[in-house]
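Let's take a slow walk through a protein model together. Keep the sequence and the 3D view handy, and follow along piece by piece.

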Amino acid sequence: MSKRPIRIIQWGCGLMGQILIRTLREKGGELVGAIDHNAARRDRDAGEVAGLGPLGVRIHPPEKAEAVLREARADVCILCTRSTMAEMADALRMAARHGVNAITIGEEAFYPWTTSKALTEELDQLAKANACTLTGSGYQDVFWANLITVLAGSTQRIDRIVGLTQYNADDYGSAVAQKHGVGLDLDTFATKIGASSAPSYVWNSNEWLCARFGWRIRDMSQQLLPTTHTASLRSPSMGLEIPAGHATGMKAVVVTETHEGPVIETHCVGKLYAPGEVDLNEWTLRGEPDTTVTIRQPATPALTCAVVLNRLPQLLSAPAGFVTTDRFEPAPYVTRLETPA
């Protein structure tokens, strides 16, 4: 069977979706459908929204998603909508019912086997019944996961893994900024965000690392703390001026203890940036020997989209079901988005 361009539906045409529309074209992928809830983008040409010029693909509202999935003859649907499995469930079910492979940047989907066990098992069975694959990927797939496992391959003994990731929550739209508590006074933050039992993004990546290393989790704990700034900051995504001393975002600290001994401690900071602040990714493996890798100012949105596109040929070759990427080989560099031979 000869190779052909991978046919893609883009579900979510905001910042991340627009990057994906532009870059999938550069890699030879074929956009065959587009879905978005934002009324300002509906019925517009997806290429024009992404700054490419007309592509002949109209953006449809979610109410028309069934028709898009049924008629587009897509190989894969890329979901760039929300973060939790519950928020993404309807879209993932819809893709699976139509036998369309789906990959999402929603953070919980990276390893949802314990945080949303029943829902993930339901989606796993639905995807198997319709011979397609569902998975979660994105920035975390490389920078919170495979990067660490590669470093571990040069380590004699691991006692503790300490990670720090920082990103501008305002880059991902108002929904993400709100999820991080941007703009809340500290008392409200403590009630609405700090007291939440919902897993933060690095909860799932810690579990992914344990699955990949074969470590059994003994205990996990989490703190959700506000970040602040001494001066007011503007949030373009929310259209608000955030007063000095109010929450500019959230720092999540997740500690995972294992029966085998190693501990994983991750610090995930998503906030509205003050002047001079930049994205950061830093990991230290403590043991024999100690190793630290620092990546200053990674282009987090662009890297997120690149990982997703580079994963697509593997997705099309993966077994049916909900298959998390701890069961994949590390993401390769893909020159052309073509179906596997």
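What follows goes through the sheets, then the salt bridges, and then the pocket.

One thing to keep in mind from the start: this is a predicted model.

Let's begin with the open sheet. Seven strands may be a lot to trace by eye, so here is the order: the 7 strands run E3-E2-E1-E4-E5-E6-E15, and the pairing is parallel. At the edges sit E3 and strand E15 (321-322), each of which pairs on one side only. If you want to look at one of these pairings up close, try E2 and E3, which run parallel and are joined by 2 bridges. Find Ile-35 there, and you'll see it standing opposite His-60 in E3. As a bit of background, the strands of a sheet pair through backbone hydrogen bonds, and they can do so in a parallel or an antiparallel way.

Now for some antiparallel pairing. Go to strand E11, which covers residues 249-258. Is it mostly covered or mostly exposed? Mostly covered: 8 of the 10 residues in E11 are buried. E11 has pairing partners to look at, too. One is strand E8 (residues 217-227), which runs antiparallel to E11 and is joined to it by 10 bridges. In this pairing, Gln-222 faces Val-254 of E11.

Another partner of E11 is strand E12 (residues 263-271), again antiparallel, with 9 bridges between the two. Here Glu-257 stands opposite Val-263 in E12. E11 and E12 make a hairpin, with 4 residues between them. Have a look at Gly-261 in that turn, as its phi is positive, at about 120°.

Before leaving this area, stop at Thr-227, a residue of strand E8. Thr-227 has a relative accessible area of 11%, so it counts as buried. Where does its side chain reach? The side chain of Thr-227 gets to the backbone nitrogen of Gly-249, at 3.1 Å.

There's another hairpin further along the chain. Strand E13 (residues 280-288) and strand E14 (residues 291-296) run antiparallel, with 6 bridges joining them. The hairpin that E13 and E14 form has 2 residues between the strands. To get your bearings, look for Asn-281, whose bridge partner in E14 is Ile-295.

Next come the charged side chains. How many salt bridges does the structure hold? There are 18 salt bridges. One of them brings together the side chains of Arg-58 and Asp-43, at 2.6 Å from N to O. This pair links distant parts of the chain, 15 residues apart: Arg-58 is in the loop between helix H2 (46-49) and strand E3 (59-60), while Asp-43 is in the loop between strand E2 (30-35) and H2. Arg-58 has a relative accessible area of 41%, so it is partly exposed.

A second example is the pair of Arg-160 and Glu-265, where the closest N and O atoms are 2.9 Å apart. Because Arg-160 lies in strand E7 (residues 157-168) and Glu-265 in strand E12, this pair ties together parts that are 105 residues apart in sequence. The two ends sit in unlike surroundings: Arg-160 is partly exposed at 26%, whereas Glu-265 counts as buried at 16% relative accessibility.Asp-159 and Arg-157 form a salt bridge as well, their closest N and O atoms being 3.0 Å apart. Asp-159 is partly exposed at 36% relative accessibility, and Arg-157 is partly exposed too, with a relative accessible area of 40%. Salt bridges can also join up into a network, as they do for Asp-90, Arg-93 and Glu-122.

Finally, let's turn to the empty space. Rolling a probe the size of a water molecule over the atoms shows where such space is left. The largest pocket has a volume of about 1,300 Å³. Which residues lie nearest its centre? They are Thr-81, Arg-82, Ser-83, Ala-175 and Val-176, out of the 50 residues that line the pocket. By type, the lining of the largest pocket divides into 25 nonpolar, 17 polar and 8 charged residues.

Several elements supply at least two residues each to this lining, among them helix H1 (15-26), helix H4 (85-97), helix H6 (139-152) and helix H10 (300-317). Strand E11 is on that list too, so you can end the tour at a strand you've already met.

Methods
Residues numbered from 1 in each chain as written. Predicted model: local features only at pLDDT ≥ 70, side-chain atom pairs only at ≥ 80, totals over all residues. Heavy atoms only, no water. Buried < 20%, exposed > 50% of the residue type's maximum accessible area, 1.4 Å probe, protein only. Pairing = 2+ DSSP bridges. 1 Å grid on protein atoms, 1.4 Å probe; cavity = no way out; pocket = protein on both sides within 12 Å on 5 of 7 lines; lining within 4 Å. Points joined across faces, edges and corners; volume = space filled by probe spheres on them. Nonpolar A, V, L, I, M, F, W, Y, C, P; charged D, E, K, R; others polar. Salt bridge = Lys/Arg side-chain N within 4 Å of Asp/Glu carboxyl O. Polar contact = N/O pair within 3.5 Å; in protein donor to acceptor, adjacent residues only side chain to side chain.
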